[in-house]
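Here is a friendly walk through how the helices of this model sit against one another. Keep the structure open beside you as you read.

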Amino acid sequence: MNIGERLFDLRRKSGESLQQVADAAGVSKAHVWELEKGRSRNPSFELVRALARHFGVSIDVLVGEETAPSMKEQRIERIHRDLHDLSDRDRLVVEDMIRSMRDRMDEKA
């Protein structure tokens with residue numbers, strides 16, 4: 001499986017459109033499509049890094065050195081990554097929400 005096939009597989013599993021992935025990576029929809037189809041075989045390191053970050057996987061997953069994590073693991077990685085972009089105050093809000101959800105789960109158990 002080449003990088004384009006791995007990219008297509010990650011995009012398909014995430015349910016995202018070419019445009020959504022292109023916007024996240026900062027490239028054109030056509031560029032992502034060409035990469036998926038194997039017409040652009042040497043993407044820049046910055047693009048590979050942006051795609052890996054977007055999908056919440058390591059670069060090794062995109063180049064085939066590691067297997068792709070499950071969708072659940074990818075979602076958790078995305079949430080974790082997005083926490084870095086929040087303000088301290090917003091992170092505290094998220095922490096409170098998680099704590100509240102865990103408390104409710106404990107009450108049900």
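## His 54 in helix H4

In this predicted model, His 54 belongs to helix H4. Is this residue buried or exposed? The cut-off for buried is under 20% relative accessible area, and at 13% relative accessibility His 54 counts as buried. Leaving aside residues up to four places away in sequence, His 54 touches Glu 16, Val 21, Ala 24, Arg 78 and Arg 81.

## Where H4 meets H6

His 54 also takes part in the packing of H4 on H6, a contact made by Arg 53, His 54 and Phe 55 on the H4 side and by Gln 74, Arg 78 and Arg 81 on the H6 side. By class, these residues divide into one nonpolar, two polar and three charged.

How are the two helices arranged? The axes of H4 and H6 are 7 Å apart, and the packing angle is about 105°. Angles of 65 to 115 degrees count as roughly perpendicular, so H4 and H6 are roughly perpendicular to each other.

## Two neighbours in H6: Glu 73 and Gln 74

Helix H6 covers residues 71-83, and Gln 74 is found there. Gln 74 is buried, because its relative accessible area is 2%, and buried means under 20%. What does Gln 74 touch, not counting residues up to four places away in sequence? Its partners are Leu 10, Phe 55, Gly 56, Val 57 and Pro 69. For a sense of distance, take Ser 28: 46 residues separate Gln 74 and Ser 28 along the chain, and their C-alpha atoms are separated by 23 Å.

Glu 73 lies in H6 as well. Glu 73 has a relative accessibility of 47%, so this residue counts as partly exposed. The C-alpha atoms of Glu 73 and Gly 56 are separated by 8.2 Å, with these positions 17 residues apart along the chain.

## H1 alongside H4

Now to another partner of H4. Helix H1 (residues 3-14) packs with H4 (residues 45-55) at an angle of about 30°, and their axes are 11 Å apart. Angles under 35 degrees count as roughly parallel, which is why H1 and H4 are described as roughly parallel to each other. The crossing of H1 past H4 is left-handed.

Which residues make the contact? From H1 come Ile 3, Leu 7, Leu 10, Arg 11 and Ser 14, and from H4 come Val 48, Leu 51 and Phe 55. Sorted by class, the contact has six nonpolar residues, one polar and one charged.

## The buried face of H2

In H2, the buried residues are Leu 18, Val 21, Ala 22 and Ala 25. Looking down the axis of H2, you would find these buried residues within an arc of 100°, so they line one face of the helix. A general point helps here: an α-helix has 3.6 residues a turn, so residues three or four places apart point the same way.

What do the buried residues of H2 pack against? They pack against H1, H3 and H4. Just after H2 comes Gly 26, which takes a positive phi of about 75°.

## The buried face of H3

Helix H3 spans residues 29-36, and Val 32, Leu 35 and Glu 36 are buried in it. Down the axis of H3, its buried residues fall within an arc of 100°, so they line one face of the helix. These buried residues pack against H1, H2 (18-25) and H4. H3 is followed by Gly 38, which has a positive phi, near 80°.

## H2 against H3

Finally, look at how H2 and H3 meet. Their axes come within 8 Å and cross at roughly 105°. That angle makes H2 roughly perpendicular to H3.

On the H2 side, the contact is made by Leu 18, Gln 19, Val 21 and Ala 22, while H3 supplies Lys 29, Val 32, Trp 33 and Glu 36. By class, this contact has five nonpolar residues, one polar and two charged. Several of these names will be familiar: Leu 18, Val 21 and Ala 22 are among the buried residues of H2, and Val 32 and Glu 36 are among those of H3.

Technical notes: Residues are numbered from 1 along each chain as its sequence is written. This is a predicted model: local features need pLDDT of at least 70, side-chain atom pairs count only at pLDDT 80 or more; totals for chains, interfaces and linings use all residues. Side-chain values use heavy atoms; hydrogens and water are left out. Axes are lines fitted to C-alpha atoms, for helices over the stretch in contact, and angles run from 0 to 180 degrees between N-to-C directions. Helices (H or I, at least four residues) and strands (E, at least two) are DSSP runs, numbered from the N terminus. Angles under 35 degrees count as roughly parallel, over 145 as roughly antiparallel, 65 to 115 as roughly perpendicular and the rest as oblique. A crossing is left-handed if the near helix is turned anticlockwise from the far one by less than a right angle, and right-handed if clockwise. Contact means heavy atoms within 4.5 Å. Ala, Val, Leu, Ile, Met, Phe, Trp, Tyr, Cys and Pro count as nonpolar, Asp, Glu, Lys and Arg as charged, and the others, Gly among them, as polar. Buried means under 20% relative accessible area, exposed over 50%, partly exposed in between (1.4 Å probe, protein chains only). The arc is that of the directions from the helix axis to the C-beta atoms.
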